[in-house]
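Reader: I have a structure to look over before I set anything up. Can you walk me through it?

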Amino acid sequence: MIYLLSAIVSSALVSIIMRLSENYMKNNISMLAVNYTVCVMAAGFHMWTSGVPFKVCGEGAGTAVGLGLINGFLYLFSFILMQISVRRNGVVLSTVFMKLGVLVPAVTAIVFFGEMPTVVQICGFVIALAAIVLIQLEKDQSDITFKAGLILLLAAGGSGDAMAKIYEELGREKFTEHFLFYTFIAAFVLCAALALTKRQRLSKEDILSGILIGIPNYYSARFLLKSLSYVPAVAAYPTYSVSAIVLVTVAGVVLFHEKMDGRRKGAVAMVLAALLLLNI
(Lines give C-alpha, C1' and ligand atoms only; values in the text may rest on other atoms or scores of the structure.)
Protein backbone atom coordinates (compact mmCIF):
# COMPACT_ATOMS: atom_id res chain seq x y z
CA MET A 1 0.00 0.00 0.00
CA ILE A 2 2.96 2.32 0.64
CA TYR A 3 3.81 2.25 -3.07
CA LEU A 4 0.28 3.28 -4.04
CA LEU A 5 0.26 6.10 -1.49
CA SER A 6 3.63 7.30 -2.78
CA ALA A 7 2.31 7.22 -6.37
CA ILE A 8 -0.74 9.27 -5.34
CA VAL A 9 1.37 11.93 -3.61
CA SER A 10 3.80 12.09 -6.54
CA SER A 11 0.96 12.44 -9.06
CA ALA A 12 -0.64 15.22 -7.04
CA LEU A 13 2.71 17.03 -6.79
CA VAL A 14 2.98 17.08 -10.58
CA SER A 15 -0.32 18.95 -10.87
CA ILE A 16 0.44 21.27 -7.96
CA ILE A 17 3.89 22.22 -9.29
CA MET A 18 2.46 22.78 -12.77
CA ARG A 19 -0.12 25.08 -11.23
CA LEU A 20 2.57 26.97 -9.29
CA SER A 21 4.76 27.39 -12.37
CA GLU A 22 2.09 28.22 -14.96
CA ASN A 23 2.67 31.98 -14.61
CA TYR A 24 6.42 31.62 -15.15
CA MET A 25 6.61 28.89 -17.78
CA LYS A 26 7.13 30.26 -21.29
CA ASN A 27 7.42 27.22 -23.58
CA ASN A 28 5.33 24.23 -22.53
CA ILE A 29 6.83 21.71 -24.98
CA SER A 30 10.40 22.67 -24.07
CA MET A 31 9.51 22.41 -20.37
CA LEU A 32 8.05 18.97 -21.02
CA ALA A 33 11.26 17.90 -22.77
CA VAL A 34 13.25 18.93 -19.68
CA ASN A 35 10.78 17.02 -17.53
CA TYR A 36 11.36 13.85 -19.56
CA THR A 37 15.13 14.41 -19.45
CA VAL A 38 14.92 14.36 -15.65
CA CYS A 39 12.80 11.19 -15.81
CA VAL A 40 15.39 9.48 -18.03
CA MET A 41 18.17 10.50 -15.64
CA ALA A 42 16.20 9.24 -12.64
CA ALA A 43 15.53 5.90 -14.37
CA GLY A 44 19.22 5.63 -15.28
CA PHE A 45 20.21 6.46 -11.70
CA HIS A 46 18.04 3.66 -10.30
CA MET A 47 19.46 1.23 -12.86
CA TRP A 48 23.00 2.19 -11.86
CA THR A 49 22.42 2.03 -8.08
CA SER A 50 20.59 -1.30 -8.43
CA GLY A 51 23.41 -2.81 -10.45
CA VAL A 52 21.11 -3.25 -13.46
CA PRO A 53 23.13 -3.19 -16.72
CA PHE A 54 22.06 -0.60 -19.28
CA LYS A 55 22.43 -3.23 -22.00
CA VAL A 56 19.12 -5.03 -22.24
CA CYS A 57 19.27 -8.60 -23.47
CA GLY A 58 17.76 -11.99 -22.73
CA GLU A 59 14.25 -13.34 -22.50
CA GLY A 60 11.80 -10.55 -21.77
CA ALA A 61 14.11 -7.78 -23.00
CA GLY A 62 12.09 -7.14 -26.13
CA THR A 63 8.89 -6.88 -24.12
CA ALA A 64 10.43 -4.27 -21.81
CA VAL A 65 11.78 -2.17 -24.66
CA GLY A 66 8.72 -2.52 -26.90
CA LEU A 67 6.14 -1.75 -24.22
CA GLY A 68 8.32 1.07 -22.92
CA LEU A 69 8.50 2.74 -26.34
CA ILE A 70 4.74 2.40 -26.80
CA ASN A 71 4.16 3.82 -23.33
CA GLY A 72 6.39 6.80 -24.07
CA PHE A 73 4.45 7.54 -27.24
CA LEU A 74 1.16 7.34 -25.33
CA TYR A 75 2.51 9.73 -22.66
CA LEU A 76 3.25 12.43 -25.19
CA PHE A 77 0.24 11.69 -27.41
CA SER A 78 -2.08 12.14 -24.42
CA PHE A 79 -0.46 15.47 -23.61
CA ILE A 80 -0.90 16.74 -27.18
CA LEU A 81 -4.51 15.55 -27.27
CA MET A 82 -5.12 17.30 -23.96
CA GLN A 83 -3.81 20.58 -25.36
CA ILE A 84 -5.99 20.29 -28.47
CA SER A 85 -9.04 19.35 -26.43
CA VAL A 86 -8.57 22.25 -24.03
CA ARG A 87 -8.65 24.67 -26.98
CA ARG A 88 -11.76 23.05 -28.50
CA ASN A 89 -13.74 21.87 -25.48
CA GLY A 90 -12.38 23.83 -22.53
CA VAL A 91 -10.16 22.74 -19.67
CA VAL A 92 -12.94 21.38 -17.44
CA LEU A 93 -14.53 19.01 -19.93
CA SER A 94 -11.10 17.87 -21.13
CA THR A 95 -9.96 17.14 -17.58
CA VAL A 96 -13.10 15.11 -16.89
CA PHE A 97 -12.49 12.82 -19.85
CA MET A 98 -8.78 12.53 -19.08
CA LYS A 99 -9.64 11.39 -15.55
CA LEU A 100 -12.33 9.03 -16.83
CA GLY A 101 -9.50 7.24 -18.62
CA VAL A 102 -9.28 5.23 -15.39
CA LEU A 103 -11.93 3.04 -17.05
CA VAL A 104 -9.39 1.68 -19.53
CA PRO A 105 -6.87 0.06 -17.14
CA ALA A 106 -9.65 -1.20 -14.88
CA VAL A 107 -11.49 -2.85 -17.78
CA THR A 108 -8.16 -4.18 -19.13
CA ALA A 109 -7.47 -5.88 -15.80
CA ILE A 110 -10.93 -7.48 -15.77
CA VAL A 111 -11.17 -8.55 -19.42
CA PHE A 112 -7.61 -9.62 -20.19
CA PHE A 113 -6.12 -10.56 -16.83
CA GLY A 114 -9.11 -12.00 -15.00
CA GLU A 115 -9.18 -9.63 -12.04
CA MET A 116 -12.76 -9.81 -10.77
CA PRO A 117 -13.86 -7.04 -8.43
CA THR A 118 -16.26 -7.73 -5.62
CA VAL A 119 -19.75 -6.21 -5.61
CA VAL A 120 -18.56 -3.74 -2.98
CA GLN A 121 -15.58 -2.72 -5.13
CA ILE A 122 -17.85 -2.25 -8.16
CA CYS A 123 -20.00 0.12 -6.09
CA GLY A 124 -16.86 1.98 -5.05
CA PHE A 125 -15.71 2.20 -8.67
CA VAL A 126 -19.03 3.65 -9.83
CA ILE A 127 -19.03 6.19 -6.99
CA ALA A 128 -15.44 7.13 -7.85
CA LEU A 129 -16.34 7.82 -11.48
CA ALA A 130 -19.34 9.89 -10.44
CA ALA A 131 -17.13 11.85 -8.04
CA ILE A 132 -14.58 12.57 -10.79
CA VAL A 133 -17.28 14.06 -13.00
CA LEU A 134 -18.87 16.00 -10.14
CA ILE A 135 -15.62 17.45 -8.81
CA GLN A 136 -14.47 18.62 -12.25
CA LEU A 137 -17.60 19.89 -13.98
CA GLU A 138 -18.74 23.44 -13.59
CA LYS A 139 -22.44 24.13 -13.13
CA ASP A 140 -22.86 25.39 -16.68
CA GLN A 141 -21.08 22.36 -18.16
CA SER A 142 -23.14 19.56 -16.72
CA ASP A 143 -24.36 18.62 -20.20
CA ILE A 144 -21.54 16.51 -21.68
CA THR A 145 -21.38 16.26 -25.45
CA PHE A 146 -19.61 13.04 -26.46
CA LYS A 147 -17.30 14.19 -29.23
CA ALA A 148 -14.79 11.97 -31.00
CA GLY A 149 -11.86 14.02 -29.71
CA LEU A 150 -12.94 13.60 -26.10
CA ILE A 151 -13.37 9.84 -26.48
CA LEU A 152 -9.90 9.66 -28.06
CA LEU A 153 -8.49 11.62 -25.13
CA LEU A 154 -10.10 9.20 -22.68
CA ALA A 155 -8.76 6.19 -24.60
CA ALA A 156 -5.22 7.56 -25.00
CA GLY A 157 -4.86 8.69 -21.40
CA GLY A 158 -6.32 5.45 -20.07
CA SER A 159 -4.17 3.32 -22.38
CA GLY A 160 -1.05 5.02 -21.07
CA ASP A 161 -2.10 4.16 -17.51
CA ALA A 162 -2.97 0.60 -18.54
CA MET A 163 0.56 -0.03 -19.84
CA ALA A 164 1.80 -0.37 -16.25
CA LYS A 165 -0.64 -3.25 -15.68
CA ILE A 166 0.17 -4.82 -19.04
CA TYR A 167 3.89 -4.77 -18.25
CA GLU A 168 3.30 -6.06 -14.73
CA GLU A 169 1.53 -9.07 -16.27
CA LEU A 170 3.61 -9.69 -19.41
CA GLY A 171 7.02 -8.32 -18.52
CA ARG A 172 9.77 -9.62 -16.30
CA GLU A 173 10.52 -7.94 -12.99
CA LYS A 174 14.26 -7.79 -13.70
CA PHE A 175 13.58 -5.51 -16.68
CA THR A 176 11.22 -3.12 -14.87
CA GLU A 177 13.87 -0.40 -14.77
CA HIS A 178 14.42 -0.80 -18.51
CA PHE A 179 10.67 -0.47 -19.14
CA LEU A 180 10.61 2.89 -17.34
CA PHE A 181 13.89 3.98 -18.93
CA TYR A 182 12.68 3.37 -22.48
CA THR A 183 9.29 4.89 -21.68
CA PHE A 184 10.88 8.22 -20.88
CA ILE A 185 13.53 7.94 -23.62
CA ALA A 186 10.73 7.64 -26.20
CA ALA A 187 8.73 10.49 -24.64
CA PHE A 188 11.83 12.71 -24.56
CA VAL A 189 12.86 12.05 -28.18
CA LEU A 190 9.35 12.72 -29.49
CA CYS A 191 8.94 15.79 -27.29
CA ALA A 192 12.33 17.23 -28.26
CA ALA A 193 11.50 16.73 -31.95
CA LEU A 194 8.18 18.53 -31.43
CA ALA A 195 9.89 21.41 -29.61
CA LEU A 196 12.38 21.79 -32.48
CA THR A 197 9.54 21.71 -35.02
CA LYS A 198 7.73 24.46 -33.14
CA ARG A 199 11.05 26.31 -32.68
CA GLN A 200 10.47 26.73 -28.98
CA ARG A 201 13.39 28.17 -27.07
CA LEU A 202 14.41 27.00 -23.63
CA SER A 203 14.20 29.59 -20.84
CA LYS A 204 15.51 29.37 -17.28
CA GLU A 205 11.92 29.16 -16.07
CA ASP A 206 11.21 26.21 -18.38
CA ILE A 207 14.30 24.38 -17.12
CA LEU A 208 13.42 24.92 -13.46
CA SER A 209 9.77 23.94 -13.98
CA GLY A 210 10.81 20.87 -15.97
CA ILE A 211 13.17 19.71 -13.23
CA LEU A 212 10.63 20.24 -10.44
CA ILE A 213 7.90 18.43 -12.38
CA GLY A 214 10.15 15.65 -13.70
CA ILE A 215 11.09 14.27 -10.29
CA PRO A 216 7.55 13.51 -9.03
CA ASN A 217 6.49 12.56 -12.58
CA TYR A 218 9.06 9.77 -12.69
CA TYR A 219 8.24 8.50 -9.21
CA SER A 220 4.49 8.50 -9.82
CA ALA A 221 5.09 6.06 -12.71
CA ARG A 222 7.61 4.02 -10.74
CA PHE A 223 5.51 3.69 -7.59
CA LEU A 224 2.30 2.96 -9.52
CA LEU A 225 4.03 0.13 -11.37
CA LYS A 226 5.37 -1.32 -8.13
CA SER A 227 2.01 -0.99 -6.38
CA LEU A 228 0.34 -3.28 -8.93
CA SER A 229 2.32 -6.20 -7.50
CA TYR A 230 0.46 -5.77 -4.22
CA VAL A 231 -2.90 -4.10 -5.01
CA PRO A 232 -5.40 -5.37 -7.63
CA ALA A 233 -5.59 -3.02 -10.61
CA VAL A 234 -9.38 -2.66 -10.33
CA ALA A 235 -8.81 -1.05 -6.92
CA ALA A 236 -5.39 0.57 -7.51
CA TYR A 237 -6.27 2.69 -10.54
CA PRO A 238 -9.45 4.39 -9.28
CA THR A 239 -7.81 4.85 -5.87
CA TYR A 240 -4.79 6.44 -7.57
CA SER A 241 -6.92 8.72 -9.73
CA VAL A 242 -9.48 10.01 -7.26
CA SER A 243 -7.03 10.35 -4.35
CA ALA A 244 -4.74 12.52 -6.46
CA ILE A 245 -7.75 14.68 -7.37
CA VAL A 246 -8.62 15.12 -3.69
CA LEU A 247 -5.05 16.13 -2.81
CA VAL A 248 -4.95 18.63 -5.68
CA THR A 249 -8.34 20.01 -4.62
CA VAL A 250 -7.17 20.45 -1.02
CA ALA A 251 -3.98 22.11 -2.28
CA GLY A 252 -6.13 24.43 -4.39
CA VAL A 253 -7.99 25.56 -1.29
CA VAL A 254 -4.92 25.89 0.93
CA LEU A 255 -2.31 27.21 -1.50
CA PHE A 256 -4.36 29.00 -4.13
CA HIS A 257 -7.36 30.06 -2.01
CA GLU A 258 -9.86 28.39 -4.31
CA LYS A 259 -13.39 28.14 -2.96
CA MET A 260 -15.02 24.80 -2.16
CA ASP A 261 -18.73 24.99 -2.94
CA GLY A 262 -21.27 22.43 -1.79
CA ARG A 263 -20.92 20.44 -5.01
CA ARG A 264 -17.21 19.89 -4.57
CA LYS A 265 -17.53 19.16 -0.86
CA GLY A 266 -20.09 16.49 -1.77
CA ALA A 267 -17.73 15.09 -4.38
CA VAL A 268 -14.90 14.82 -1.84
CA ALA A 269 -17.25 12.96 0.52
CA MET A 270 -18.10 10.59 -2.36
CA VAL A 271 -14.40 10.04 -3.00
CA LEU A 272 -13.79 9.08 0.62
CA ALA A 273 -16.69 6.63 0.47
CA ALA A 274 -15.39 5.19 -2.81
CA LEU A 275 -11.90 4.71 -1.40
CA LEU A 276 -13.32 2.86 1.57
CA LEU A 277 -15.37 0.53 -0.64
CA LEU A 278 -12.54 -0.06 -3.11
CA ASN A 279 -10.14 -1.18 -0.43
CA ILE A 280 -12.44 -3.41 1.63
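Reader: Which pattern does the protein chain follow, read along the sequence?
Author: This is a predicted model, to begin with. Read along the sequence, the chain follows α-α-α-α-α-α-α-α-α-α-α. That is 11 helices and zero strands.

Reader: What is the radius of gyration of the protein chain?
Author: The radius of gyration is 18 Å, close to the 19 Å that the globule rule gives for 280 residues, so the chain is as compact as a globular protein of that length. Along the principal axes, the C-alpha atoms fill a box of roughly 55 × 45 × 35 Å.

Reader: And how much of the protein chain is made up of buried residues?
Author: Buried residues account for 50% of the 280.

Reader: What share of the contacts with a separation of 6 or more comes from residues 24 or more positions apart?
Author: Such residues account for 91% of those contacts.

Reader: Switching to pockets. How much space lies in the second largest pocket?
Author: About 310 Å³. The elements that give two or more residues to its lining are helix H7 (148–170), helix H8 (176–197) and helix H9 (204–227).

Reader: Which residues lie nearest the centre of that second largest pocket?
Author: Glu173, Thr176, Leu225, Lys226 and Ser229 do, out of 14 lining residues.

Reader: How do the residues of that lining divide into nonpolar, polar and charged?
Author: Five are nonpolar, three are polar and six are charged.

Reader: Take Thr176. Where is Thr176 found, in which helix?
Author: Thr176 is found in helix H8.

Reader: Is Thr176 buried or exposed?
Author: Thr176 has a relative accessible area of 16%. The cut-off for buried is under 20%, so Thr176 counts as buried.

Reader: What is Thr176 in contact with, leaving aside neighbours within four places in sequence?
Author: Tyr167 and Leu225. Leu225 is also one of the residues nearest the centre of the second largest pocket.

Reader: Different topic, helix H5. Which residues are buried there?
Author: In H5, residues 103–113, the buried ones are Pro105, Ala106, Thr108 and Ala109.

Reader: Where do the buried residues fall, seen down the axis of H5?
Author: They fall within an arc of 160°, so they line one face of the helix.

Reader: What comes just after H5?
Author: Gly114, which takes a positive phi of about 70°.

Notes
Residues numbered from 1 in each chain as written. Predicted model: local features only at pLDDT ≥ 70, side-chain atom pairs only at ≥ 80, totals over all residues. Heavy atoms only, no water. 1 Å grid on protein atoms, 1.4 Å probe; cavity = no way out; pocket = protein on both sides within 12 Å on 5 of 7 lines; lining within 4 Å. Points joined across faces, edges and corners; volume = space filled by probe spheres on them. Helix = DSSP H or I, 4+ residues; strand = E, 2+ residues; numbered from the N terminus. Nonpolar A, V, L, I, M, F, W, Y, C, P; charged D, E, K, R; others polar. Buried < 20%, exposed > 50% of the residue type's maximum accessible area, 1.4 Å probe, protein only. Arc of directions from axis to C-beta. Rg over C-alpha atoms; globule rule 2.2 N^0.38 Å. Contact = heavy atoms within 4.5 Å.
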